[in-house]
Amino acid sequence: FNCGDGLKPSTRVSPSYFVMMFQVNIVPLSGESRSFEVQQSSKVGDLSLLARESFGGFLQLLTAEGRVLSDPNESLEAAGLRSGDHLTVVALRANIAATAAAFALWCGGKKMVTWGHAVNGGDSSAIQDQLRNLNVKQVQATRTAFAAILEGGRVVAWGDPEYGGDCSAVRGQLRNVEQLQTSFGAFAAILADGSVVTWGDPESGGDSTAVQTRLKNVRQIHAPKDGGAFAAILADGSVVAWGDQEGGGDSSGSEDKLQNVEELQATAGAFAAIRRDGSLVTWGHPEFGGDISAVQDQLRNVQQIQATDSAFAAILANGSVVTWGDPCCGGDSSAVHDQLRNVEQIQATCEAFAAVLTDGSVVTWGHTPSGGDSSLVQHQLKDVVQIQASVDAFAAILADGSVVSWGNAAHGGDSSNVQHQLRGVVQIQSTLRAFAAILADGSVVTWGDPRCGGDSSAVQDQLRHVEQIQGTDYAFAAILTDGLVVTWGPSHAGGDSSKVQDRLRCL
């Protein structure tokens, strides 16, 4: 379907056609109604496009009876509309998810658009028929596959079948699904009754048969982004783990301690659990933070935990920090121990930590090329309000809206070439090796590896009134206030959305 062919608001067509008038009220904005004159043969998609061109953004059309007009190919007559009918336009927030090389965009309706690497989830043609009558509620992604929770708790999956893109083996069990969690290559679904269904790569937690009888009354599930194990917190505060045995999938050695657990964090090979009393329990590979014995006596009143690929950092109630795991990746903070006071938040690259203190200053440690050494910009790191990280660089937003970056210079650690543009920054997103900053005026500034979205010059004139940005590993996608989508970066990784622009305009 190609929506909007030759139709314009308030434009009369040839007298040989019956002209239908639709009065559209925008809700809940100004309340002003606008009239459109369209041909009798027009479809719902035509009318949706006219409304979108007039009001902007992603919209949903409702009849006076409250029925959603969701099928763009449905004729106005088949939809039961008559000349002079009154319709309401409701603004929808666009949602976007990403695998390593593909995007999926949806707006809470029965339509979803995907692009990027086909095997990584960029091709969703196989599941589009399943979306026709069921609203998309949530989308999650493994490294190379997507899964969506639909209205009524059903699930559809697409992308790489080995990493979760094929859920046919468990489709009969996927009913009343409320939450999805992902590891590197597998999905775990929590059902309304508290049970769990898994699929995908068995070595990434896609096979939970060994612990299935224990997965009851599950409250939440956690998994490292690049790891191969899951850990579930049950209603009674106990924990069940499965997946890669050496990477945290076996918690049997700590089972007697895993009680009253309230929060989980993970490296690529180990888990850390915060208990209700503020104590900590860890398990998994010792070199990835699974062995806490060296700092056990220091870990009291733990408030939150952050992780690199192979080390943990815990913030205590008094604002101090305790670290453990691979010393080269942030597990050893002894060099900055005395500076780690009044810590409010910690951010991490793959091998380094950055802590923001209550006075807005920053303390870093870990692998120097990955952001563990901020000495060259330390005098600039004042009044920091937020830090974003790529795989091996940091970017800090200051209270005045300027940005300070450090770490691997080629991967976003050096923003000197765009420093004069970085004013009024309100948000930063990242790919593996590049950053994209949204400014207060809705424009965008990028820097870092051009092969990962660090160069947006080809689309710079389109990047106006940007509301949100998402990234795959190598490309960015920006959603504008008028509902347009602008992409840049390698085409095979989602940087080229030209083939789906017509479908995006019809959302």
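Okay, strand β14, residues 196–200: it's mostly covered, with four of its five residues buried. Keep in mind that we're looking at a predicted model here.

So who sits beside it? Strand β14 pairs with β13, residues 186–191, and the two run antiparallel, joined by five bridges. If you want a spot to click on, try Ala186, which stands opposite Gly200 in β14. The two strands make a hairpin, and four residues lie between them. In that turn you'll find Gly194, with a positive phi of about 90 degrees.

Now, on the topic of phi. Most residues other than glycine have a negative phi. That's the background for the next two residues, both asparagines.

Take Asn176 to begin with. Its phi is positive, about 55 degrees, and it is not a glycine. Where does Asn176 lie? Go to the loop between β11, residues 155–159, and β12, residues 177–182. And is Asn176 buried, partly exposed or exposed? Its relative accessibility is 48%, so Asn176 counts as partly exposed. The cut-off for exposed is over 50%, in case you were wondering.

Then there's Asn301. Here again phi is positive, about 55 degrees, in a residue that is not a glycine. For this one, look in the loop between β20, residues 280–284, and β21, residues 302–307. With a relative accessible area of 44%, Asn301 is partly exposed.

So if you've got the structure open, have a look at the β13 and β14 hairpin with Gly194 in its turn, then hop over to Asn176 in its loop and Asn301 in its own.

Methods
Residues numbered from 1 in each chain as written. Predicted model: local features only at pLDDT ≥ 70, side-chain atom pairs only at ≥ 80, totals over all residues. Heavy atoms only, no water. Buried < 20%, exposed > 50% of the residue type's maximum accessible area, 1.4 Å probe, protein only. Pairing = 2+ DSSP bridges.
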